[in-house]
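Here are my notes on this one, as numbered points. Have the coordinates open while you read.

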Amino acid sequence: EVMKESLPYLDSVGKMLTQKNLSDRKLIIEGHADARGGHVYNQGLSELRAQSVKRYLVSVHGVDSSRLH
């Protein structure tokens with residue numbers, strides 16, 4: 001899930017991506033984790049976090065998912 005405190009930032013990104021002059025731009029989303037877990041666990045967690053951000057931008061702001069990697 002996207003953290004509540006991250007929503008204002010993601011909303012500004014969503015608004016930016018829906019501007020006409022940026023409609024052809026793509027965005028790379030990277031998730032991060034701290035060093036507490038092992039590499040495999042942290043990689044999976046990072047990918048899940050990035051997917052959550054992608055789902056939010058697509059569902060709330062209508063960003064085409066093909067623009068988000």
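1. Which are the buried residues of helix 1? Before the answer, one reminder: this is a predicted model, so please read everything below in that light. The residues in question are L10, V13, G14 and L17. They sit on the same side of helix 1, because the arc they cover around the axis is only 100°. That fits the usual helix geometry: with 3.6 residues a turn, positions three or four places apart point the same way.

2. What does that buried set pack against? The partner is helix 2. Turn to the other side of helix 1 and you find P8 and K15, both exposed. So helix 1 has a buried set on one side, held within that 100° arc, and exposed residues on the other.

3. Stepping back to the whole chain: the secondary structure comes to 2 helices and 0 strands. The C-alpha trace spans about 40 × 25 × 15 Å along its principal axes. Of the 69 residues, 26% count as buried. Among contacts with a separation of 6 or more, 62% are between residues 24 or more positions apart.

4. Now the largest pocket, which has a volume of about 380 Å³. Two elements give two or more residues to its lining, namely helix 1 (7-17) and helix 2 (39-61). Helix 2 gives the most, with 5 residues. In total 18 residues line this pocket, and those nearest its centre are S6, L10, E30, R49 and V53. L10 is worth a second look, since that residue also belongs to the buried set of helix 1.

5. What is the lining of the largest pocket made of, by class? The split is 11 nonpolar, 4 polar and 3 charged residues. E30 and R49 are both among the residues nearest the pocket centre, if you want a place to begin looking.

6. On to salt bridges. How many does a search of the whole structure find? The count is 2. As background, side chains of opposite charge can pair when their charged atoms come close. One of the bridges joins D34 and R36, with the closest N and O atoms 2.5 Å apart. R36 counts as exposed, because its relative accessibility is 75%. D34, at a relative accessible area of 38%, is partly exposed.

7. The other bridge is between the side chains of D24 and R25, at 3.8 Å from N to O. With the cut-off at 4 Å, that distance still qualifies as a salt bridge. Is D24 buried or exposed? D24 counts as exposed, because its relative accessibility is 60%.

8. Staying with D24 for a moment: this residue is in the loop between helix 1 and helix 2. D24 is 43 residues away from R67 in sequence, yet the C-alpha to C-alpha distance between them is 7.9 Å.

9. Last, G37, which lies in the loop between helix 1 and helix 2, just as D24 does. Its relative accessible area is 26%, so G37 is partly exposed. G37 and K4 are 33 residues apart in sequence, and their C-alpha atoms are 23 Å apart in space. Set that beside the pair D24 and R67, at 43 residues and 7.9 Å, when you go through the model.

Methods:
Residues are numbered from 1 along each chain as its sequence is written. This is a predicted model: local features need pLDDT of at least 70, side-chain atom pairs count only at pLDDT 80 or more; totals for chains, interfaces and linings use all residues. Side-chain values use heavy atoms; hydrogens and water are left out. Buried means under 20% relative accessible area, exposed over 50%, partly exposed in between (1.4 Å probe, protein chains only). On a 1 Å grid over the protein atoms alone, a cavity is a set of points where a 1.4 Å probe fits but cannot get out, and a pocket is an open set with protein on both sides within 12 Å along at least five of seven lines; lining residues have an atom within 4 Å of a point. Grid points are joined across faces, edges and corners, and a volume is the space filled by probe spheres set on the points. Helices (H or I, at least four residues) and strands (E, at least two) are DSSP runs, numbered from the N terminus. Ala, Val, Leu, Ile, Met, Phe, Trp, Tyr, Cys and Pro count as nonpolar, Asp, Glu, Lys and Arg as charged, and the others, Gly among them, as polar. The arc is that of the directions from the helix axis to the C-beta atoms. Contact means heavy atoms within 4.5 Å.
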